[in-house]
Amino acid sequence: MTVKPIVKSSTEEFYDDLASSYNDIIYRCAPRYEEMQMTMVDYVPEDLQPLRILDLGCGTGNLTLRVLESFQEAEVVALDLSVEILDVCRRQCGTDRVSYLQQDFNSLDLPESEYDLVVSSIAIHHVDDPAKQLLFQDVYNCLKPGGIFTYVDQFRGETPGIYQQHMKIWKQFADCKGIPPQEWQMWMEHQQQHDYHATVGQQMEWLRQSGFQQVDCLWKHILWTLLTARKI
Ligand SMILES: C[S@@+](CC[C@H](N)C(=O)[O-])C[C@H]1O[C@@H](n2cnc3c(N)ncnc32)[C@H](O)[C@@H]1O
């Protein structure tokens, strides 16, 4: 019998290596990180009392913890590609209300009509645009009717000029925060190798094409944008 070697994608290796230092870095590098996650939770409609929640690209579990706190009856499935970061997430959440799934957005295997709420923070831009469209369809299928998909992520500007301004303003933020040049360099190299930013308009359109309704933009700051969509 031949045993297939486990081949990790470079994104998986990047987040495996970053797992233990991720929290220090993300709070420094992502402007208004907590505000955007709080806004995501604040906008979950009052007529939805989510009992089953999926966190796509949970990382160390910062958003997972926020939804656990906001929806105290809910159980959360925390999904990520990186085993190492899932371990940090498990330690950080420390509750049996969370279960963990190692899956790749490119080949999701999710139960149909299972979740009331699907959330995601700064993760979906790691797959290319055709894969994003397939991912939106997977998310639609795994939601119950009435369920909400809400995510915050980095987006491209509508024009190259706006996108350049985004990058310039983000760099100014990084300089004000005193982020060391090598850390900024690491993010920029990661961005060139692993990130696929699409525009807000494109992503809203792909959500509608997947069957979602009530698609809206709830919050925006530089590259970071919060979208919501409902399965009716
Ligand atoms: C920038 S981190 C965001 C983590 C967390 N959601 C947060 O807001 O702090 C991106 C996460 O997406 C995960 N990720 C990247 N590509 C993925 C893929 N193809 N499938 C599943 N998870 C992926 C990474 O492993 C990483 O944990």
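This section describes the surroundings of the ligand, the largest pocket and the largest cavity in a predicted model.

The ligand is surrounded by 20 residues, among which Tyr22, Tyr33, Gly57, Asp80 and Ser121 come nearest. Sorted by class, this shell comprises ten nonpolar residues, eight polar residues and two charged residues. Several polar approaches to the ligand involve its oxygen atoms. A polar side-chain atom of Tyr33 is placed 2.4 Å from a ligand oxygen atom, while an N or O atom in the side chain of Tyr22, another of the residues that come nearest, is 2.7 Å from an oxygen atom of the ligand. For Gln37, the distance between a polar side-chain atom and an oxygen atom of the ligand is 3.2 Å. The ligand on its own has 590 Å² of accessible area, and 98% of this area is covered by the protein.

The space that the ligand takes is the largest pocket. With regard to secondary structure, the elements contributing two or more residues to the shell around the ligand are helix 1 (10-18) and helix 3 (33-42). Both helices also appear in the description of the pocket itself, where helix 1, helix 3, helix 4 (62-70) and helix 8 (181-194) each provide at least two residues of the lining. The largest pocket holds about 470 Å³ of space. Its lining consists of 30 residues, and those closest to the centre of the pocket are Thr11, Tyr15, Phe105, Ala123 and His126. When the residues of this lining are divided by class, twelve are nonpolar, 15 are polar and three are charged.

Apart from the pocket, enclosed space was also examined. A search of the whole structure for cavities of 30 Å³ or more returns one, and the volume of the largest cavity is about 140 Å³. The lining of the largest cavity is made up of 15 residues, with Ile26, Ile122, Gln154, Trp170 and Trp187 lying nearest its centre. Helix 2 (22-29) and helix 8 each contribute at least two residues to the lining of this cavity, and helix 8 likewise supplies at least two residues to the lining of the largest pocket. In terms of class, the lining of the largest cavity contains nine nonpolar residues, five polar residues and one charged residue.

Notes: Residues numbered from 1 in each chain as written. Predicted model: local features only at pLDDT ≥ 70, side-chain atom pairs only at ≥ 80, totals over all residues. Heavy atoms only, no water. Near = heavy atom within 4 Å. Polar contact = N/O pair within 3.5 Å; in protein donor to acceptor, adjacent residues only side chain to side chain. Areas by Shrake-Rupley, 256 points an atom, 1.4 Å probe, with all protein chains shown as cover. 1 Å grid on protein atoms, 1.4 Å probe; cavity = no way out; pocket = protein on both sides within 12 Å on 5 of 7 lines; lining within 4 Å. Sits in = over half its atoms within 2 Å of the grid points. Helix = DSSP H or I, 4+ residues; strand = E, 2+ residues; numbered from the N terminus. Nonpolar A, V, L, I, M, F, W, Y, C, P; charged D, E, K, R; others polar. Points joined across faces, edges and corners; volume = space filled by probe spheres on them.
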